[in-house]
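User: Got a minute to walk me through this one? I'd like the overall layout before the details.

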Amino acid sequence: MTESTIENRDDLISYLHAAMALEHATIPPYLTAYYSIRSTTNSDAAHIIRVAAVEEMLHLTLVANVLNAIGGKPDLTRPGFVPSYPAYLPDGEDDFTVDLRPFSPEAVETFCKIERPGKAPSADSRLVKSSHGGTPLLVSSPTAEGMHFYSIGEFYEEIIEGLEKVSAGDPGLFCGDPALQVGPEYFYSGGGGMIVVSDLESAQRALRFIAAQGEGLDSGIYDADGELAHYYRFRQLQLGRYYQEGDRPDSPSGPPLSISWDDVYKVKVSARLADFPAGSELARVARDFNADYGAFLALLTEAFNGRPGLLQEAVCDMFRLRDGFNRLIRNPLPGSDSLHAAPTFEIAAAAGSGPQASPGAGGTAQAVTR
């Protein structure tokens with residue numbers, strides 16, 4: 001059995017801050033692909049991507065519930081929480097980065113790589129030596145320098161085991177204020193309900209749900225509620241058909257999906273503010289979008305720190321960003337060979353906004369850029 005990298009409450013808090021950064025890091029790529037689709041086209045793909053984005057919000061909230069339950073402070077406004085795209089994610093083979101791309105075969109391939117099942121060959125191989133010059137990955141181990149996880153599922157398994165280990169020696173681990181929990185009355189997703197966390201069993205159940213809904217690692221194509229894991233939802237876009245009960249992973253036999261890869265705004269991949277002409281209207285719109293997205297993260301931070309009623313408003317705000325997306329993606333970006341503009345998600349941390357991360361949490365949300 002590999003040696004645990006989680007020894008105490010501070011280690012758990014560090015890991016849970018990293019988990020929040022990981023769950024959030026998928027949202028900008030999903031939204032970029034979703035809003036790049038021309039209206040009235042690709043309805044199948046748009047629905048699949050939209051549902052995945054909403055369920056990532058569910059995962060983010062579940063991690064916040066676990067963090068609050070052990071006395072941590074969720075903070076989505078801290079420096080480095082939003083990665084600089086392209087960013088590496090912890091997926092064993094180190095064979096891809098996550099970009100902000102328009103809906104395309106390349107984008108769907110990336111989504112499948114993010115969500116793909118990845119069970120380590122053995123417990124001893126859960127941790128993998130990083131090979132990126134010592135620069136931390138988005139979710140490298142917060143406590144084992146130079147190491148990252150074989151897969152997202154293995155990352156969560158480390159936290160699940162760490163919770164059990166620390167709680168065995170610390171009966172007061174679950175000391176958080178129950179009033180900070182986000183209950184099912186504040187968030188509903190058709191792909192799963194909210195779990196209020198108050199003890200070891202509910203904390204582990206919340207984290208296992210996240211891993212299963214993303215990868216389908218233990219439950220297969222469908223989970224116990226009959227829902228497809230994210231990986232298999234995206235595979236439908238690659239294979240051109242919906243799954244149905246009894247299908248093998250690579251052989252969906254349901255109705256065909258209608259996909260038109262050309263009915264998409266061809267936005268610049270992982271655009272940066274530096275790509276926009278200085279002083280232009282497009283540059284102003286891009287900065288305004290980033291400010292609005294920062295406000296969205298601040299609203300989520302409030303929701304996770306005692307105002308759970310704000311969560312429904314925050315989820316709606318995620319899709320109210322449509323106007324900002326449209327003002328960018330429907331306009332060519334000068335100097336980009338006819339490619340269109342897109343949000344850059346370069347979010348400046350607001351001084352004093354949101355609670356400070358607990359000890360041991362600093363630096364776990366850094367991204368590797370090229």
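Analyst: Sure, here is a run through the fold, a helix pair, a loop residue and the cavity. It's a predicted model, so to speak of local features we need pLDDT of at least 70, side-chain atom pairs count only at pLDDT 80 or more, and totals for chains, interfaces and linings use all residues. Residues are numbered from 1 along each chain as its sequence is written, and side-chain values use heavy atoms, with hydrogens and water left out.

User: OK, what does the secondary structure come to?

Analyst: The protein chain has 10 helices and four strands, taking DSSP runs numbered from the N terminus (helices H or I, at least four residues; strands E, at least two). In sequence order that reads α-α-α-α-β-β-α-β-β-α-α-α-α-α.

User: And how much of the chain is buried?

Analyst: 56% of the 370 residues, where buried is under 20% relative accessible area, exposed over 50% and partly exposed in between (1.4 Å probe, protein chains only).

User: Switching topic: at what angle do helix 3 and helix 9 cross?

Analyst: Roughly 145°, with the axes coming within 11 Å. Axes here are lines fitted to C-alpha atoms, for helices over the stretch in contact, and angles run from 0 to 180 degrees between N-to-C directions.

User: Which residues make that contact?

Analyst: Arg-50, Ala-53, Val-54, Met-57 and Thr-61 from helix 3, against Leu-311, Val-315, Met-318 and Phe-319 from helix 9. Contact means heavy atoms within 4.5 Å.

User: Where does Phe-304 lie?

Analyst: In the loop between helix 8 (281-303) and helix 9.

User: Buried or exposed, and why?

Analyst: Phe-304 counts as buried because its relative accessibility is 0%. Leaving out residues up to four places away in sequence, its contacts include Thr-61 and Leu-311, both of which also belong to the helix 3 and helix 9 contact. Asn-68 is another residue that Phe-304 touches; the two are 236 residues apart in sequence but 8.1 Å apart in space, C-alpha to C-alpha.

User: Last thing, what volume does the largest cavity have?

Analyst: About 120 Å³. A cavity is a set of points on a 1 Å grid over the protein atoms alone where a 1.4 Å probe fits but cannot get out, and lining residues have an atom within 4 Å of a point. The volume is the space filled by probe spheres set on the points, which are joined across faces, edges and corners.

User: Which residues are closest to its centre?

Analyst: Of the 14 lining residues, Glu-23, Glu-115, Ile-152, Ile-210 and Gly-214. Helix 6 gives the largest share of the lining, four residues.

Terms used:
1 Å grid on protein atoms, 1.4 Å probe; cavity = no way out; pocket = protein on both sides within 12 Å on 5 of 7 lines; lining within 4 Å.
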